[in-house]
Amino acid sequence: MRAMKNIVILISGRGSNMQAIVQALTKESWPAHIAAVISNRADAEGLAFARQHGIATEVVANKDYASREQFDAALQATIDRFQPDLVVLAGFMRILTASFVEHYDGRMLNIHPSLLPNFPGLNTHQQALDAGVKVHGATVHFVTTTLDHGPIVTQATVPVLADDTEQSLAARVLIQEHVIYPQAVRWFVEGRLSVEGGRVQIAR
Ligand code: GRF
């Protein structure tokens with residue numbers, strides 16, 4: 001029998017990736033349990049979905065803390081009450097301190113809306129349009145202390161069309177995010193991911 005894995009998901013807003021993960025976990029009966037959804041903003045829309053699905057929610061508001069270090073310490077204490085095997089960053093719009101990231105080394109995933117290592121940071125879809133790339137996409141990666149870097153678990157590509165706007169491109173990428181993020185989290189909870197020399201191996 002496989003042990004159930006505890007997942008804590010961090011959001012800042014809409015939470016559509018969080019919803020995709022919750023729905024896939026429920027539908028596919030993964031050996032995992034969403035222990036909590038935590039937001040740094042009390043007004044994050046995704047919190048309502050989590051509550052409606054009987055998932056514990058917490059708010060640790062960064063505006064209540066004087067420094068990044070104090071906020072990260074409070075966030076870490078809240079996360080750790082739920083004894084996570086995996087922390088999932090799902091549109092969590094905070095830069096994290098090195099000590100926080102190191103605490104979750106090998107057990108924290110992020111999704112970034114570009115084909116990393118291209119276009120780290122913000123406004124990825126506009127960056128892609130400005131660069132004139134013909135393909136764009138999204139990346140799920142383990143979180144390391146360098147922002148939007150870290151071993152790549154999986155990526156999905158979409159075409160960039162001649163008449164794309166930032167919005168149309170973002171929408172096309174988001175559809176793929178909702179496919180690859182649940183897939184990557186499922187691989188993790190099934191114990192299939194390992195990192196060797198900065199590369200992720202996915203066991204069959
Ligand atoms: C997604 O595009 C994600 O890749 C990025 O922020 C957005 C969050 O969307 N990091 P949602 O909150 O999951 O709907």
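Biologist: What makes the pair formed by E177 and an oxygen atom of the ligand a polar contact?

Modeller: In this predicted model, a polar side-chain atom of E177 lies 2.7 Å from an oxygen atom of the ligand, and since a polar contact is a pair of N or O atoms within 3.5 Å (within protein, one must be able to donate a hydrogen and the other to accept it, and residues adjacent in sequence count only if both atoms are side-chain atoms), the pair therefore qualifies. Taken alone, the ligand exposes 370 Å², of which the protein buries 85%, as computed by the Shrake-Rupley method with a 1.4 Å probe.

Biologist: Which backbone atoms also lie within that cut-off of the ligand?

Modeller: A backbone N or O atom of N17 lies 2.9 Å from an oxygen atom of the ligand, while a polar backbone atom of I111 is 3.4 Å from a nitrogen atom of the ligand.

Biologist: What makes a residue count as being around the ligand?

Modeller: One of its heavy atoms must lie within 4 Å of the ligand, and the residues that do so are R14, G15, S16, N17, G91, I111, P113 and E177.

Biologist: How do you know that N6 is in contact with H33?

Modeller: Contact means heavy atoms within 4.5 Å, and, leaving aside neighbours within four places in sequence, N6 has such contacts with H33, A35, F82, Q83, P84, D85 and L86. The backbone oxygen of F82 lies 3.3 Å from a polar atom of the N6 side chain.

Biologist: What is notable about the backbone at P117 and at S29?

Modeller: A cis peptide bond, with omega of about 10 degrees, joins L116 and P117, whereas S29, although not a glycine, has a positive phi of about 50 degrees.

Biologist: How are such values to be read?

Modeller: Local features need pLDDT of at least 70 and side-chain atom pairs count only at pLDDT 80 or more, whereas totals for chains, interfaces and linings use all residues. Residues are numbered from 1 along each chain as its sequence is written, and side-chain values use heavy atoms, with hydrogens and water left out.
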